[in-house]
Amino acid sequence: MSKAGVVHPKPSMKSVLLRGSFIIMALYIALYVVYVVQQPRALGAGAIASLFNNTVPLALASAGQAIVVLSRGFDLSLAGVVSITNVVMAVYPLEGPGGALASLAICLAIGAVVGAVNGWLVAYLRIQAIAATLATMIVCQGVALLILDAPGGTVAEWVSYELTDRIFNFIPVSGLILGAVVCLWLLARKTDFGIALYAIGADEHAARLSGIPVLKVRFFAFVLAGMIYGLAGYMLSAQTATGSPTAGEPLLMLSFAAVALGGTSLSGGKGGLFASVMGAATLMLLQKVLFSSGVSSFYTGIFQGAVLIIAVMFSALLTRLGERKNK
Amino acid sequence: MLISGACVPAISEGLELSVVRVGKSYGATVALEQADINLRAGEVHSLLGENGAGKSTLVRILAGAVVPDCGVMHLHGAPYRPMSITEARDQQVSTAFQELSLVPNLSVAQNLLLPRIPKSVFFISSAAETMRRASSMLARYDLERIDPAIEVSSLPLADRQRLEIVRALENAGRVLILDEPTASLAETDWLFGQIGSATDRGVAVLYISHRLAEVREICQRATVLRNGRTIATVSLKEASNDDIFEMMVGRRDDHVRKHASSALKDAAPRLSVKSLSNGVLVDASFNVRPGEILAVAALEGQGQRSLFRCLAGLEPAKSGSIEIDSREHSISSPRKALKAGSGIAYLPEERKTEGILAGLSAATNIVVPILSTISTARLVGQNAEAEAAGPEGAKVELSERYLSFAIGDLSGGNQQKALIARTLATGARTLLLFDPTRGVDVGTKQAIYSAIRAFAASGGSVLFYSSELPEIVQLADRCMVLYQGKIVETFEGSAIDEQGLVAAMIGHRATARLRAMQ
């Protein structure tokens, strides 16, 4: 039996399109076209940068959430981590580029600590993810209130200016940071950790029998997610330039919406981080489009929810069509 | 020939893996009491036993998935005590699991190489190298036709089983454990060829299968487990099938029928099932008469679950008809099953997940199906519940003081009593009981048996499945044996004995008959 005798067919075009983030990309582009038609100025570098600045906190929060969801988990501590990092940034501003770097390290460390607690509770003590992270979220919110009991404070000037600016008057810094996170993820998903993350999300038992260190992977999924929330809080502070002990709360539910909108299965093992980032971007762009269409902001939630249901139903429909073709 | 003594025999006899007095308990449940087994290099050794004899626990211990509580294991003369599957694999002991350990959303290649995916630079895995190694691995085992790039979930079950075996073969330098490797393989040529080349390399193979014909074809020796203990290790050339069945079942003269059948021979059947097919189940036809207790005996996964779930309205049947009191009924939900003719009530398999409503009292649990009949103006008082539940509980000897307890706080035995009281309370004249005494103590078993007998004596019909053969021998008026989805044999009255049942359950009768026909 010669090896050359067997040629396996390449995957079909359709299955490539169905995979990953194609649907959400298409949705985003369609929405962007609508936006540009309404607001021709939206193509300017300044408008694009401001869109990025608006999007990045939620996009990063959703990216972290996506990692936990891929491992078949839930992470509510997001709201707590973003709030703590935001108030720390506002109460203890560190000036200059060095200060910004130190602040970044602090934010990442806060996220890593909270993530480690989550991971320990969920992976090693086997507490349900929703209960464990609910508890850490409540604790974190309490800590945030201790640091700053009412909205106020000022974020370091260097952070709030430089991180919302453009390089060469064109490339938004926040976009670069988001891009860096996405690129790191694309590398990470090719490591043992990334492969294991998908494996334990799809079938934890089989993964264990295949020799994957399930508990360790689950633990580090929470730690990594926590660090990304820390980064989200850092970027949120740059954008708002002030602190609020409840800054993270609006991001929590929207992060789940973004993950689902990006086609990542809430039952784990399917989807990705980039698609969730695009889901977040779509939700934020939808807000802008509605605003520029003159729709009262009170309706924003209704539209976001409706888009979510339609997108999830649509992707389920496409998956079913794809499966039928395969049989 | 009984194996005894804790000494470690010399490697010169070709002994690869020796297991001495290994045991494992989960809380009060003893999964494996004391198992001894010796595997020789280059030999295929079979592990035989009924359901629950401890086979899978022993496999898990050898595979490194479970750490034993006691006992000693030696691999090639050195102590062997793997704490994880990876550790076992590092010592060249590898297992193909019955439930398949492939991750569905990873590619064939990734699955074959887990947990060590080849790297290109740094920690980044190399897709090209992964593919290359996987295809050369597939080629070595004559499976070039499987594309290493596709996701495992898109493969048919038989190919997944082959991959599971390939992965085990690849990592088994010393010991290869195959747990039901032919469960989804239609033919054994490929597998037996691979086992042959493994034994040629001096690998010791442990082969677990309930198909005795297969075992005789490939294995030289067999170890029989019963109730978590090693009964004997025999040479398969010298032991007859009857010897093996006897070792699997044991001589238990005390389990004989102690009551006369209350079946009404001349009455029209209460339940008549015609060519029912669904899932594994193929073309099942049978009748249950009023007053009759009909048992179903089968190994795991032979279609008994589909049969019960179809009759209970939990699964739609693919084809076939169900007649109750000579009238055809379509049963699409448990509620319809209760209302179909004289009614069918179902006792589910999983007490914790399908049966009890843990937070509610035992009394409420019993009266759930009849709430509408005991309510006054749609309101149900606690007293009304207790009054209605009391007599039903008494039928299964459920002590009255337990009625007010939350059922989740009761022992497993009392929970099961309450659930049987619930099926009795429905007033249905046909009961479907799926493993009614699973995991309950002896006293509770007797109470359940008398409740079932009393129900039959009052003219009710019972269809029950049990994983315990003595129970079937004691209770059943008739017993059908399911094998690979078909009713292969029906035993009646005193013809129901454990050895006969076991022979039919492992397909021995069916294959013997096939041979006779050829």
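# Notebook: aromatic pairs, chain contact and salt bridges

I began with the aromatic residues of chain A and noted that A:Tyr28, A:Tyr32 and A:Tyr35 form one aromatic cluster. I record here that the model is a predicted one.

**Entry 1. Aromatic pairs**

I counted the aromatic pairs over all chains and obtained 9. I then examined A:Phe219 and A:Phe220, whose ring centres are 5.1 Å apart and whose planes stand at 85°, so this pair is edge-to-face. I looked up the accessibility of each partner: A:Phe219 is buried, at a relative accessible area of 17%, and A:Phe220 is partly exposed, at 41%. In chain B, I found that B:Tyr402 and B:Phe405 also make an edge-to-face pair, with 5.8 Å from centre to centre and 85° between the planes. B:Tyr402 is buried, with a relative accessible area of 19%; B:Phe405 is partly exposed at 37%.

**Entry 2. The contact between the chains**

I asked how many residues each chain brings to the contact. Chain B gives 29 residues and chain A gives 23 residues. I noted that the size of an interface is often expressed as the accessible area lost when the parts come together. For chain B and chain A, the buried area is about 2,100 Å², and carbon and sulfur atoms give 63% of it. On the side of chain B, the residues that lose the most area to chain A are B:Asn105, B:Ile124 and B:Glu144, which together make up 24% of what that side buries.

I next searched for charged pairs across this interface and found 1 salt bridge. B:Lys119 and A:Asp192 form a salt bridge in which the closest N and O atoms are 3.0 Å apart. I also counted 6 residue pairs in polar contact between chain B and chain A. Helix 2 of chain B, residues 85-90, gives the most to the side that touches chain A, with 3 residues. I sorted the residues of that side of chain B into 16 nonpolar, 5 polar and 8 charged.

**Entry 3. A:Thr164**

I located A:Thr164 in the loop between helix 7 (157-162) and strand 1 (166-167) of chain A. A:Thr164 is partly exposed, with a relative accessible area of 22%. Leaving aside residues up to four places away in sequence, I found that A:Thr164 touches A:Asn53, A:Val159, A:Ala238 and A:Gln239. A polar atom of the A:Thr164 side chain lies 2.7 Å from the backbone oxygen of A:Ser160. I also compared positions: A:Thr164 and A:Asp192 are 28 residues apart in sequence and 35 Å apart in space, C-alpha to C-alpha.

**Entry 4. Salt bridges**

I searched the whole structure and found 21 salt bridges over all chains. In one of them, the side chains of B:Glu16 and B:Arg174 meet at 3.2 Å, N to O. This pair links distant parts of the chain, 158 residues apart, with B:Glu16 in strand 1 and B:Arg174 in the loop between helix 5 and strand 7 of chain B. B:Glu16 is buried at 6% relative accessible area, whereas B:Arg174 is partly exposed at 29%.

I turned to B:Arg162 and B:Asp159, which form a salt bridge at 3.0 Å, N to O. Both lie in helix 5 of chain B, 3 residues apart, about one turn of the helix. I found B:Arg162 buried at 11% relative accessibility and B:Asp159 buried at 7%.

I last examined B:Asp325 and B:Arg270, a salt bridge whose closest N and O atoms are 3.8 Å apart. B:Asp325 lies in the loop between strand 14 and strand 15 of chain B and B:Arg270 in the loop between helix 8 and strand 11, so the pair ties together parts 55 residues apart in sequence. B:Asp325 is partly exposed at 36%, and B:Arg270 is buried at 12%.

Note on methods:
Residues are numbered from 1 along each chain as its sequence is written. Chains are lettered from A and ligands numbered from 1 in the order in which they are written. This is a predicted model: local features need pLDDT of at least 70, side-chain atom pairs count only at pLDDT 80 or more; totals for chains, interfaces and linings use all residues. Side-chain values use heavy atoms; hydrogens and water are left out. Rings of Phe, Tyr and Trp (its six-membered ring) pair if their centres lie within 6.5 Å; planes under 30 degrees apart count as stacked, over 60 as edge-to-face and the rest as tilted. Buried means under 20% relative accessible area, exposed over 50%, partly exposed in between (1.4 Å probe, protein chains only). Contact means heavy atoms within 4.5 Å. Buried area is the accessible area (1.4 Å probe) that two parts lose on being put together, summed over both. A salt bridge is a side-chain nitrogen of Lys or Arg within 4 Å of a carboxyl oxygen of Asp or Glu. A polar contact is a pair of N or O atoms within 3.5 Å; within protein, one must be able to donate a hydrogen and the other to accept it, and residues adjacent in sequence count only if both atoms are side-chain atoms. Helices (H or I, at least four residues) and strands (E, at least two) are DSSP runs, numbered from the N terminus. Ala, Val, Leu, Ile, Met, Phe, Trp, Tyr, Cys and Pro count as nonpolar, Asp, Glu, Lys and Arg as charged, and the others, Gly among them, as polar.
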